[in-house]
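Visitor: Please take me through one part of this structure in detail. I should like to begin with an enclosed space and then see what else can be said about the parts around it.

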Amino acid sequence: MCTRCDRFAPVPSHASAWQPRRAFLLAAAGAVLSGPALAQVDVGNASVARNLVPADRIEAAGGQQYGELLQQARAKNALAGDGNPQLQRLRAIANRLIPFATPWNSRARQWKWEVNLIGSKQINAFCLPGGKIAFFTGILEQLKLTDDEVAMVMGHEMAHALREHARARMAKSAGTGAALSIGAQLLGLGQVGDLAARAGTQLLTLKFSRGDETEADLVGLELAARAGYDPKASVSLWNKMATASKNQGGLSFLSTHPSGPDRIAKLQANLPKVENLYRDAKKS
């Protein structure tokens, strides 16, 4: 996830919310995949802890936080307009990834996906609950990402939202208090409702566990491969991240997405599982 950007570098303004051709995308998803059982990567079941926090509350909080961030960027003339080539590139990649999202989370069928680009030197990107995606120009320009590498970043961030990692982390942060008041929560939401309402102030700085990051890596890898993006780009991406971190003395992206040999090794071990998906997607 992202840490909030305080300063933005100018990029063209006049951005508007992007609504993909949802009917076509969702129809494609249903035609290609019938359910998570067809997944090639093994990430197990999503955390049951997330059920302590209402999904709609977390998604609403994500939408609110996203809107506030875009408003701040717009005020600084740092929100890319629809005609921005880099934004168009991001949205084209998202259009290829989104059809494969629903099997990982049925709620994604209802999400109003958005993709925006914010002018900032930060090397960062995120996808908030509800499908709200943002990239900062720094991650595209400083790392000189190929389309395949962008797809790996985007797939990873989408996977955090699809696996509802933020929802689970919020539930776990409530501790035993939330668990003990489950009866009241089921009747009137109580403490959990308050927790979800406060989530909007925390979503952009939320740090995920090592297990969450591994899940996001692998689900994102499969999303991108099914969309026709070379899975080997996942390795080149994290090599670029590691190099940039050494050269710049640390990256905001890596503060919430720790890198290292173990991460790359895990991705390399899973490449054979998705290679056929990639080849089939390229043929079609």
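**A cavity and its surroundings**

Guide: In this predicted model, the lining of the second largest cavity consists of Ala-55, Ile-58, Glu-59, Trp-111, Pro-129, Ala-161, Glu-164, Ala-166 and Arg-167. Two elements, helix H2 (55-75) and helix H6, each contribute two or more residues to this lining. H2 gives the largest share, with 3 residues. By class, the lining contains 6 nonpolar and 3 charged residues, and no polar ones. The volume of this cavity is about 50 Å³.

One of the contributing elements, H6, spans residues 165-173 and includes His-165. Is His-165 buried or exposed? Its relative accessibility is 2%, and residues under 20% are classed as buried, so His-165 counts as buried. Leaving aside residues up to four places away in sequence, His-165 touches Ala-159, His-160, Phe-208, Asp-212, Glu-215 and Ala-216.

Another lining residue, Pro-129, leads to the strands. Strands E2 and E3 form a hairpin with 3 residues between them. In the turn, Gly-130 has a positive phi of about 95°. E2 (residues 125-128) and E3 run antiparallel and are joined by 4 bridges; Leu-128 has Lys-132 as its bridge partner in E3. E3 also pairs with strand E1 (residues 114-118): these two run parallel, with 5 bridges between them. Within that pairing, Asn-116 is matched with Ala-134 of E3.

How do the side chains of E3 point? In a regular strand, side chains alternate between the two faces of the sheet. In E3, Lys-132, Ala-134 and Phe-136 point one way, while Ile-133 and Phe-135 point the other way. Residues on both sides are buried. Because 5 of the 5 residues of E3 (residues 132-136) are buried, this strand is largely enclosed by the rest of the structure.

Finally, the cavity may be set beside the largest one. In total, 4 cavities reach 30 Å³ or more, and the largest has a volume of about 60 Å³. Its lining includes Met-152, His-156, Asp-217 and Trp-238. Helix H5 (147-162), helix H10 (210-226) and helix H11 (233-248) each supply at least two residues of that lining. There the classes are 5 nonpolar, 3 polar and 1 charged, whereas the lining of the second largest cavity has no polar residues.

Technical notes. Residues are numbered from 1 along each chain as its sequence is written. This is a predicted model: local features need pLDDT of at least 70, side-chain atom pairs count only at pLDDT 80 or more; totals for chains, interfaces and linings use all residues. Side-chain values use heavy atoms; hydrogens and water are left out. Buried means under 20% relative accessible area, exposed over 50%, partly exposed in between (1.4 Å probe, protein chains only). Two strands pair if DSSP finds at least two bridges between them. Contact means heavy atoms within 4.5 Å. On a 1 Å grid over the protein atoms alone, a cavity is a set of points where a 1.4 Å probe fits but cannot get out, and a pocket is an open set with protein on both sides within 12 Å along at least five of seven lines; lining residues have an atom within 4 Å of a point. Grid points are joined across faces, edges and corners, and a volume is the space filled by probe spheres set on the points. Ala, Val, Leu, Ile, Met, Phe, Trp, Tyr, Cys and Pro count as nonpolar, Asp, Glu, Lys and Arg as charged, and the others, Gly among them, as polar.
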